Amino acid sequence: MKNKLFETSESYAPLILRLILGSVVLMHGMQKLLGWFGGFGFSKTMLFFTESVGMPWIIGFLVIMLETVGAFALIAGLGTRVIAAAYVALPVGMIVTTHFKNGFFMNWFGTLKGEGYEYFILWIGIALALLILGGGKFAADRICIKKDL
């Protein structure tokens, strides 16, 4: 079972997918955790999650950690399928709780009341591909596989 979870191919395609998804999600995580790139930082993000969105504090904390620590793990290819599964669930939650009411498209021209969910569809698609393919070339997942001698 463990070998099945961590096995992967030597393909470059999953490497490219995990580097791109991990990097993009990491930037959002850094906004939430450290306040970088115009973000609010940990305290204000937690306040927003718990008071404005109404989510339990533990879910807010897990979102921030998944977007930072999880993104670093994904970039390294460590626990790729586990992170990918979480990265399918996370944007689904974002769509349901916040973005669905704004429609499909992002708010390119500032005329909508918020952002749509098209970005999250791409995120989910990449995560599903990684869930199926594993981490690919240079994935740290390989260290978790038991080699038969």
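Here's a quick briefing on the main pocket, a surface patch and two residues of helix H2. Keep in mind that the model is predicted. The largest pocket comes in at about 750 Å³, and a nonpolar patch on the surface adds up to about 510 Å² of accessible area.

**The largest pocket**
- Its volume is about 750 Å³, and 27 residues line it.
- Closest to the centre of this pocket you'll find Lys32, Phe48, Phe49, Met94 and His99.
- Helices H2 (12-34), H3 (41-53), H4 (57-76), H5 (80-99) and H6 (118-133) are the elements that each give two or more residues to the lining.
- H5 puts in the most, with seven residues.
- Sorted by class, the lining has 14 nonpolar residues, ten polar ones and three charged ones.

**The nonpolar surface patch**
- Five residues make up this patch: Tyr12, Ile16, Ile20, Val24 and Phe138.
- Together they have about 510 Å² of accessible area.
- Val24, one of the patch residues, sits in helix H2.
- Val24 has a relative accessible area of 35%, so it counts as partly exposed.

**Two residues of H2, side by side**
- Met30 is found in helix H2, and so is Val24.
- Met30 is buried because its relative accessible area is 10%, under the 20% cut-off; Val24, at 35%, is partly exposed.
- The C-alpha atoms of Met30 and Val69 are 9.9 Å apart, with the two positions 39 residues apart along the chain numbering.

How values were computed
Residues are numbered from 1 along each chain as its sequence is written. This is a predicted model: local features need pLDDT of at least 70, side-chain atom pairs count only at pLDDT 80 or more; totals for chains, interfaces and linings use all residues. Side-chain values use heavy atoms; hydrogens and water are left out. On a 1 Å grid over the protein atoms alone, a cavity is a set of points where a 1.4 Å probe fits but cannot get out, and a pocket is an open set with protein on both sides within 12 Å along at least five of seven lines; lining residues have an atom within 4 Å of a point. Grid points are joined across faces, edges and corners, and a volume is the space filled by probe spheres set on the points. Helices (H or I, at least four residues) and strands (E, at least two) are DSSP runs, numbered from the N terminus. Ala, Val, Leu, Ile, Met, Phe, Trp, Tyr, Cys and Pro count as nonpolar, Asp, Glu, Lys and Arg as charged, and the others, Gly among them, as polar. Patches are made of residues with over 30% relative accessible area and no salt bridge: like charges are joined within 9 Å, nonpolar side chains (Val, Leu, Ile, Met, Phe, Trp, Tyr) within 5 Å. Accessible areas come from the Shrake-Rupley method with a 1.4 Å probe; for residues, only the protein chains shown count as cover. A salt bridge is a side-chain nitrogen of Lys or Arg within 4 Å of a carboxyl oxygen of Asp or Glu. Buried means under 20% relative accessible area, exposed over 50%, partly exposed in between (1.4 Å probe, protein chains only).
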